[in-house]
Amino acid sequence: MKIFQEGDRVHLMDHKGRQYSLTLKPGETFQYSGEIIPHDELIGKSDGSLVSFSRGKAMLALYPTLSEYTLKMPRGAQVLYPKDLAIICMWADVYPGARVFEAGIGSGALTLALLRAVGERGQVVSYEIRDDFANIALKNIARYHGATPNFTLHKRDAYEGILEEGQEGQPWFDRVILDLPEPWRVVTHAATALRLGGMYLSFVPTIPQVMKTVEAIQDSGQFGESETFETLYRTWNIKGRSVRPDHRMIAHSGFITVARKVEKGMWNNHPLHSDPDLEKE
Ligand code: SAH
C-alpha cells in the first residue's frame, strides 16, 4: 500500500475527473467550493482512497501519475503533452543507464519523463537559456523526485555547442533530445556529442521547422535516414450505447524527427537521397 505522508504531492479528483493538486502539510486545509478538508485527514490514508469534505462532497485522493503531474505542475514554457513524452521515450529509445542531453528545459516535463526512463544509473544533462524557466523546472523536478544527483542543468545556449565530452574528447551522450525553436542549429553539435549508434530526436510545432531540421540532418552526412511523424491521441466516450470518439481532442502539438548517428559515407550521394517524387515529373 502507498500511504500519503506529510510533504507528498497529492491530487484530489472530483466526479467529473477534474483534478486539484496539493502538497500535504499538517494543520492546513484544502478548500473547494465552500467546503474544506483538513490535510490531516489525508495523511495516513492510502493512494486511491475516497475522502469526504466538510459538507459531504466526496473526492478520490491519488498520487498523480507522471502524466497527471506534468499537466498540473506550474508552467513557464508550454510543456510537452504526455502523448508526445511517451512516444519520445520509445522512439528515441531512452533506456535505463543512458546518458541523455536535453535542451531547453522549459517547465521540466520532458526532463521528468527522461529521468524516469534512464533510471538511477542514467544521466540527464539539460541546457536552458532562461533563468525564469529554469527555476520553475527545477522546482517541478525537485517536488516530484527530491534529490536528483544524476541530473545537471546548465545555463547555456545549445546553438553554441554541447560541451560535455568523454575521455580524450570522445562523444559522451547516447541520446540528444531537443525541444527548442531552431533544432537545425544544434544538429552538427548533436553529431559531435553523440556516440556512434546514438540517437537524435527533436520536436517542433511547424513544418518549415521540420524541413530545416531534416535538411541539416541530411547535409551533415552523419545520421542515417531520419523519420518524421506526429501522434494523434483520440479518446473515446463509452457509456451504454453511446460509444464514439470524444468531441474534443488536442488536434496538434508538434512533429517529431528521429535520426541515428552512424559512420559517415553511407548516405552521402546515396540513391535514397535523390527525390523520387521530383524525378517522376
Ligand atoms: N520540453 C519542455 C518545454 C521546452 S520549451 C517541457 O516539456 O517542459 C522550449 C525551451 O527552450 C524554453 O524554455 C526556451 O527558453 C528554451 N530555449 C530556447 N532556445 C534555447 C537555446 N538556444 N538553448 C537552450 N535552451 C533554449
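**Exercise 1. Find how many salt bridges a search of the whole structure gives, then look at the pair Asp93 and Arg175.**

Solution. Searching the whole structure turns up eight salt bridges, where a salt bridge is a side-chain nitrogen of Lys or Arg within 4 Å of a carboxyl oxygen of Asp or Glu. Keep in mind that this is a predicted model, in which local features need pLDDT of at least 70, side-chain atom pairs count only at pLDDT 80 or more, and totals for chains, interfaces and linings use all residues. Residues are numbered from 1 along each chain as its sequence is written, and side-chain values use heavy atoms, with hydrogens and water left out.

Next, take Asp93 and Arg175: their closest N and O atoms are 3.2 Å apart, and they form a salt bridge. This pair links distant parts of the chain, 82 residues apart, with Asp93 in the loop between helix H3 (82–91) and strand S7 (99–103) and Arg175 in strand S10 (residues 173–178); helices (H or I, at least four residues) and strands (E, at least two) are DSSP runs, numbered from the N terminus.

**Exercise 2. Which polar atoms of Asp157, Leu80 and Leu110 lie by the ligand, and at what distances?**

Solution. Begin with Asp157, which has a polar side-chain atom 2.7 Å from a nitrogen atom of the ligand. Then turn to the backbone: a polar backbone atom of Leu80 is 3.1 Å from an oxygen atom of the ligand, and a backbone N or O atom of Leu110 lies 3.2 Å from an oxygen atom of the ligand.

Terms used. A polar contact is a pair of N or O atoms within 3.5 Å; within protein, one must be able to donate a hydrogen and the other to accept it, and residues adjacent in sequence count only if both atoms are side-chain atoms.
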